[in-house]
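Good morning, and thank you for coming. I shall present one protein structure today, beginning with its sheet and ending with its ligand. Please look at the structure as I speak.

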Amino acid sequence: MAMYFDIDPEFQSFFRDLKQVFLYIIDDCNLSCIQCLYKANLTFQLKSKVIAVDDAVKLASDFHEMGASKLTIMGGEPTLYGQSEKWKPLCELIRAAKNIGYEYVRIDTNGQFPKELLEIEDFRKLDAITFSLDGPTPTINDSVRGTGTFEACVANIKHAVSLGYTVDVTTCVHRGLFGRDPHGVLWLEHHIHFAESLGIVAVNFHDLFKSGIPRDAWSGNVDITLDEWLAIYPEIQEKASSGRFGISVRIPQSFIHKDDFGRDPKYLGYCSVKTGDRVLVHPDGIIRVCSLMIGSPYGIARYYRGKITWDNSPTNEIRDHKLGCDTPCTNQGKDGRFGKYVPLCVSFKPKQEEFVWQKLGWEDRRTKN
Ligand SMILES: C[S@@+](CC[C@H](N)C(=O)[O-])C[C@H]1O[C@@H](n2cnc3c(N)ncnc32)[C@H](O)[C@@H]1O
């Protein structure tokens, strides 16, 4: 099939193993979460705050042609996209993506939308809805996402489950989840059980460490320390990978001792820039690979007026990557702040049951347990 965009050959050859697309269709949001990585884009855009639906469909089509089979629609808050037109453009994008042939189309939302959205026929074509929920109680969740957000989000989760959607949640590992109840159980564990009780199929955790990247400047101060993480991660991961939680739990390892990295670099060295498995597309025309570069001038290419052009300037995010080598994450910890530990890719979540992780067969690279 012919491509809609005139695409730079360097771009095409870089993404020879493209699996997934993140379309950040809108740079507006109805919340202002303390930890938000997208804050810089929410605050200021010189020109475009949305990707026009025609462009969104064409980009989705071209990336599918290049191999992508998973599409994530996000933002900003994607349920604001055409909300005043009863979400016509959003539903058009979902319908088109399924017609184009995407196997897996999902939306990432804060869950604050009017519940009628869930009943629209084309919206129901989604393969999954991912709600962002940062705690199992209003106190914990609303401390980072804002007053009333827990109640609204959980009401929509329940409605979505009752309508038969596949529902998962994304959760940031913030300080509030690291507290313990009077019996000593981590609120993070309660959160997983709470998700299960709602009929959610998976919880996907994101870490919030300050690691010497642009977003450190605007992503609040609700992160936990490296020592706190190292003290509980092995236990949570062990429970998650041995199926003790009853639902799928994806949890980032985030760090490893320098010496241990050397024992399994092919597996531990996962990096989306090295695999070229994902592409992130933003309304301002920047195309990125690594989500750690969101809000910065760094990217890999630009799209505008029907063209995708490779970034040949110093703002190309891959310029300093050791593309052919299995290394720890080279975007984080450049200042040596983690001492004898090295950072891993934020998407490195051992044994995760995730569409692209499975397609890449990444667990097969593990040489030890
Ligand atoms: C930026 S939001 C955009 C989509 C939508 N508005 C939402 O809340 O899900 C996408 C996801 O990134 C998560 N997130 C926000 N700030 C983050 C940070 N500093 N590090 C990692 N993930 C973060 C959010 O909690 C959410 O699950």
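**The sheet and the ligand**

Let me begin with one pair of strands in this predicted model. Strand 3, residues 70-75, and strand 4, residues 104-109, run parallel and are joined by four bridges. Within this pair, threonine 72 stands opposite arginine 106 of strand 4. As general background, strands of a sheet pair through backbone hydrogen bonds, and the pairing is either parallel or antiparallel.

Now consider the whole sheet. It is open, has 12 strands and shows mixed pairing. Their order is 1-13-12-11-10-2-3-4-5-6-7-8. Which strands stand at the edges? They are strand 1 (6-7) and strand 8 (248-250). Each has a single partner strand, so one side of each is left without a neighbour in the sheet.

Next, two helices. Helix 6, residues 149-162, lies across strand 5 (128-132) and strand 6 (167-172), and runs at about 165 degrees to strand 5. Helix 7, residues 187-198, packs on the sheet and touches strand 6, strand 7 (202-206) and strand 8. The direction of helix 7 makes about 150 degrees with that of strand 7.

I turn now to the ligand. How many residues surround it? There are 18, and the closest are Gln35, Gly76, Glu77, Ser132 and Arg145. By class, the shell divides into four nonpolar, nine polar and five charged residues.

Three contacts deserve a mention. One nitrogen atom of the ligand is 2.8 Å from a polar backbone atom of glutamine 35. At glutamate 77, an N or O atom of the side chain is 2.9 Å from a ligand nitrogen atom. For serine 132, a polar side-chain atom lies 2.5 Å from a ligand oxygen atom.

Finally, the ligand taken alone exposes 550 Å², and the protein buries 94% of that. Strand 4 and strand 6 are the elements that give two or more residues to the shell.

Notes. Residues numbered from 1 in each chain as written. Predicted model: local features only at pLDDT ≥ 70, side-chain atom pairs only at ≥ 80, totals over all residues. Heavy atoms only, no water. Pairing = 2+ DSSP bridges. Contact = heavy atoms within 4.5 Å. Axes fitted to C-alpha atoms, helices over the stretch in contact; angles between N-to-C directions. Near = heavy atom within 4 Å. Polar contact = N/O pair within 3.5 Å; in protein donor to acceptor, adjacent residues only side chain to side chain. Areas by Shrake-Rupley, 256 points an atom, 1.4 Å probe, with all protein chains shown as cover. Nonpolar A, V, L, I, M, F, W, Y, C, P; charged D, E, K, R; others polar.
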